[in-house]
Amino acid sequence: GLIFKSHQAEEKLKVRLVQPNISQEMKWSKDHFEENFNKLIYLSLDNIDEYNKPDLIIWPEVAVPLFLNEKAKIVNILSDILPPETSLVLGSLRKNEREIFNSLYLISKKGIEENYDKMKLVPFGEFMPLRNFVGLKKITHGTTDFSPGNERKILKIKKNNQFISFEPSICYEGIFTNRKIKDSNVDFLLNITNDAWFGNTTGPHQHIMASRFRSIERGVPLIRVANTGISAIFDNNGRKVKFLPLNQKGFIDSEISLSKTNTFFSNFGYLTIIFLLSFVSI
């Protein structure tokens with residue numbers, strides 16, 4: 001059976017971060033869907049064979065701008081192109097009878113394994129506050145508001161008959177402080193984002209620096225994959241291991257160490273601040 005274990009410092013996970021650098025206009029264009037999709041696949045498979053393959057490939061937020069849970073053909077294509085024992089995480093959309101979600105999907109050779117729905121939505125970008133009172137449209141694609149997901153999740157991939165767990169976040173969820181999910185002990189944090197609509201501003205630089213603090217607080221590695229950049233890997237102390245700069249197409253191959261640091265903050269969250277204030281005031 002499958003074994004759950006605490007990973008030692010030498011345990012490694014081979015990852016590929018895919019940064020397609022697709023403009024916001026082209027990203028949502030139906031005319032460019034096939035071109036964009038093929039670019040993502042090419043970057044994912046470049047220089048990969050049965051002897052040299054990642055355990056995990058990661059695409060950015062809404063890399064596939066469709067309701068993926070209703071597109072069996074696309075899911076089958078993705079499952080087919082994956083090397084054996086390689087998983088794919090990607091951003092896409094999800095729909096049920098009444099709502100639509102900005103989602104992250106975990107895909108294997110078996111198809112969709114799991115999904116996570118974004119919980120913290122961007123005001124005016126993904127939903128309109130006071131929609132019934134304010135006659136404005138949201139600034140991102142589409143006229144329908146997204147619905148927020150209802151739970152933080154731990155997702156798992158399998159390597160060598162063991163589970164490796166990670167906590168996903170989407171877009172600016174990565175800048176918010178979160179103590180660890182109760183009774184969980186994840187191996188790494190994963191944030192996928194778009195950031196293309198910020199263009200050549202300081203926004204993407206500020207966002208990645210804010211995301212970096214999550215690895216410091218939680219004492220686990222952080223992987224961040226952005227559509228136009230900046231994509232990066234931080235170790236369990238928040239040190240930058242590898243990165244792809246803004247507005248560059250490419251991919252990062254790396255082996256991340258799954259070592260953890262058990263931090264005070266990961267266990268006690270905002271109580272840490274109260275503790276520090278009381279300590280200073282003594």
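Q: What is the relative accessible area of Glu114?
A: This is a predicted model, in which local features need pLDDT of at least 70 and side-chain atom pairs count only at pLDDT 80 or more, while totals for chains, interfaces and linings use all residues. Residues are numbered from 1 along each chain as its sequence is written, and side-chain values use heavy atoms, with hydrogens and water left out. Buried stands for under 20% relative accessible area, exposed for over 50%, and partly exposed for what lies in between (1.4 Å probe, protein chains only). Glu114 counts as partly exposed, because its relative accessible area is 30%.

Q: Which residue meets Glu114 in a salt bridge?
A: A salt bridge is taken here as a side-chain nitrogen of Lys or Arg within 4 Å of a carboxyl oxygen of Asp or Glu. Glu114 sits in strand S6 (residues 111-117), and its partner, 39 residues apart from it, lies in the loop between S6 and strand S7 (155-159); helices (H or I, at least four residues) and strands (E, at least two) are DSSP runs, numbered from the N terminus. The partner is buried, with a relative accessible area of 18%. At an N to O distance of 3.2 Å, the residue that pairs with Glu114 is Lys153.

Q: How many residues apart in sequence are the parts that Arg152 and Glu167 tie together?
A: The closest N and O atoms of this salt bridge are 2.6 Å apart, and it pairs a partly exposed Arg152, at 28% relative accessibility, with a buried Glu167, at 8%. Salt bridges that share partners join Arg152, Glu167 and Arg218 into one network. Since Arg152 belongs to the loop between S6 and S7 and Glu167 to strand S8 (residues 162-170), the sequence separation that the pair spans is 15 residues.

Q: How many salt bridges does the structure hold?
A: Side chains of opposite charge can pair when their charged atoms come close. A further pair is Asp235 with Arg239, at 2.8 Å from N to O, where Asp235 is buried at 17% relative accessibility. For the structure, the number of salt bridges is nine.

Q: Which element gives the largest share of the lining of the largest pocket?
A: On a 1 Å grid over the protein atoms alone, a pocket is an open set of points with protein on both sides within 12 Å along at least five of seven lines, a cavity is a set where a 1.4 Å probe fits but cannot get out, and lining residues have an atom within 4 Å of a point. The largest pocket holds about 520 Å³ (the space filled by probe spheres set on the points, which are joined across faces, edges and corners). Its lining has 22 residues, with Glu85, Ser87, Ser108, Ile157 and Lys158 closest to the centre, while strand S5 (100-108), S6 and S7 each give two or more. With five residues, the largest share comes from S7.

Q: How many charged residues are in the lining of the largest pocket?
A: Ala, Val, Leu, Ile, Met, Phe, Trp, Tyr, Cys and Pro count as nonpolar, Asp, Glu, Lys and Arg as charged, and the others, Gly among them, as polar. Seven lining residues are nonpolar and five are polar, and the number that are charged is ten.

Q: What is the volume of the second largest cavity?
A: Its lining consists of 13 residues, including Ile22, Asn36 and Leu40 among those nearest its centre, and helix H2 (33-45) and strand S3 (64-67) each give two or more of them. By class, ten of these residues are nonpolar, two polar and one charged. The volume of this cavity is about 100 Å³.
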